[in-house]
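Work through these exercises with the sequence and the 3D view open. Try each task before you read its solution.

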Amino acid sequence: MRLDYLTIFPDFFAPLELSLPGKAAASGLLDLGVHDLRQWAHDRHRTVDDTPYGGGAGMVMKPEPWGEALAEVVRPGSTVVFTTPSGERFDQRLAEELSTREHLVFACGRYEGIDQRVIDHAREIAEVREISLGDYVLNGGEVAALAVTEAVVRLLPGFMGNAASLVEESHAAESGGLLEYPVYTKPRSWEGRDVPDVLLSGDHGAIARWRRAEAVRRTAQRRPDLLSPSVLDDGTPIVRAVPGDAGELLTLQRACWVQEAVANDMLAIPALHESLDDVRAWLGEWDTYVVRRAGRLVAAVRGRLEGEAGDTWDIGRIMVAPDLQGSGLGRVLLDHIQAVAPPAATSYVLFTGAASARNQRMYKKAGFRLRPDLPAPPGAVVLTKRRGR
Ligand code: 6GU
């Protein structure tokens, strides 16, 4: 595999010489080229940026040096990787895909980005991927290019010493997309902390079961988005809400809570008065799940840990589009939100209108009990349930 880097900070890539890619280069598995973009800037100051058309903050990278650089470095079969916070999210699947390419050219943007025509032009002469490491902003794409390089290069055949360690680690498709289980080595007891007994048992079946259970527990706690989504009877998935769902959630919420207002003869219900910004804000604070039918957002539920000890899973905003009410969707969402509660949750709590007879019936059927002993908002009742283990 050949790797080229186009950057205004070639020194960023010095680590390539020492780390694993350096060894691969020495063994002939990798060919590396680091290029200073300014060698293709021809004015006295070797300028690579300029002010944005249309105004706005910051500087934009000029197209001409990039055009010349790509003309020199790209060849048939190249893949050009633009590292940018507005790219597609880099993950193990994408690393595996890139590891099949003959030639990667990393184009590292700085400032507010590269003139869009450079990317459009690159698409005509090569395969182009715009890649982001995640939802945060770095000053430039160099560190991202290094991270992508390390993830890709270690997948090349003959690169890792131990092929099995590639299969078992976090995120490998073969381990079911779970995070890795915790690992231990000697000594058996350290600073009063002991290695779990099962690992010393010699019982390989028990060890495999323990590791699998730990991997699932960790994943549920840290990355619930990686666990297989729940599905309805007809296979419709229940998926995590994303920020772009806010508008439809607001519409559904208004529709559902008008019914509540009528049933309880009361307009002072928070869900009825929230703005789009309110919904956007709570989406960031709650684990929210939605169901779509034929593209339309028809149901939702949210949960989060509450209480002094953080052990109560607060369930709310169970909403089902008026035309689908009575179909059992609400109950499925109620079961789902209990199932995804983090391990710390030892009980569930929810509120509903004091006069919302249908809701209360469903909650009681699901094992919740009315708690007149607990404080409730005006016009509402509290129901709780202990979490079964
Ligand atoms: Cl690839 N570039 C920059 N500048 N910031 C980032 C990133 C890339 N990925 C996450 N943040």
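**Exercise 1.** Leaving aside neighbours within four places in sequence, which residues is Ser 99 in contact with? Then decide: is Ser 99 buried, exposed or partly exposed?

*Solution.* Keep in mind that this is a predicted model.
- Step 1: Find Ser 99 in the loop between helix H4 (92-98) and strand E6.
- Step 2: Set aside the neighbours within four places. The contacts of Ser 99 are then Val 152, Leu 155 and Leu 156.
- Step 3: Check a distance. The C-alpha atoms of Ser 99 and Ala 151 are 8.8 Å apart, although 52 residues separate the two along the chain.
- Step 4: Count C-beta neighbours. Ser 99 has 17 inside 10 Å, so it is partly exposed. A buried residue needs 20 or more, and an exposed one has 12 or fewer.

**Exercise 2.** Find which elements each supply at least two residues of the largest nonpolar core.

*Solution.*
- Step 1: Start with the members. The core has 38 residues, and those touching the most other members are Leu 6, Val 81, Val 105, Phe 106 and Ala 107.
- Step 2: List the elements. They are strands E1 (2-7), E5 (78-89) and E6 (103-108), with helices H3 (63-73), H5 (116-125) and H6 (142-153).
- Step 3: Pick the top supplier. H6 gives the largest share, 6 residues.
- Step 4: Look beyond this core. A second, separate core has 34 residues, including Leu 252 and Trp 257.

**Exercise 3.** State how the domain assignment divides the protein.

*Solution.*
- Step 1: Read the bounds. The assignment gives domain 1 (2-153), domain 2 (174-226) and domain 3 (230-386).
- Step 2: Take centres over C-alpha atoms. Those of domain 1 and domain 2 are 38 Å apart.

Terms used:
Residues numbered from 1 in each chain as written. Predicted model: local features only at pLDDT ≥ 70, side-chain atom pairs only at ≥ 80, totals over all residues. Core = buried A, V, L, I, M, F, W, Y, C linked by C-beta atoms within 7 Å. Helix = DSSP H or I, 4+ residues; strand = E, 2+ residues; numbered from the N terminus. Domains from an automatic or database assignment. Contact = placed C-beta atoms within 7 Å.
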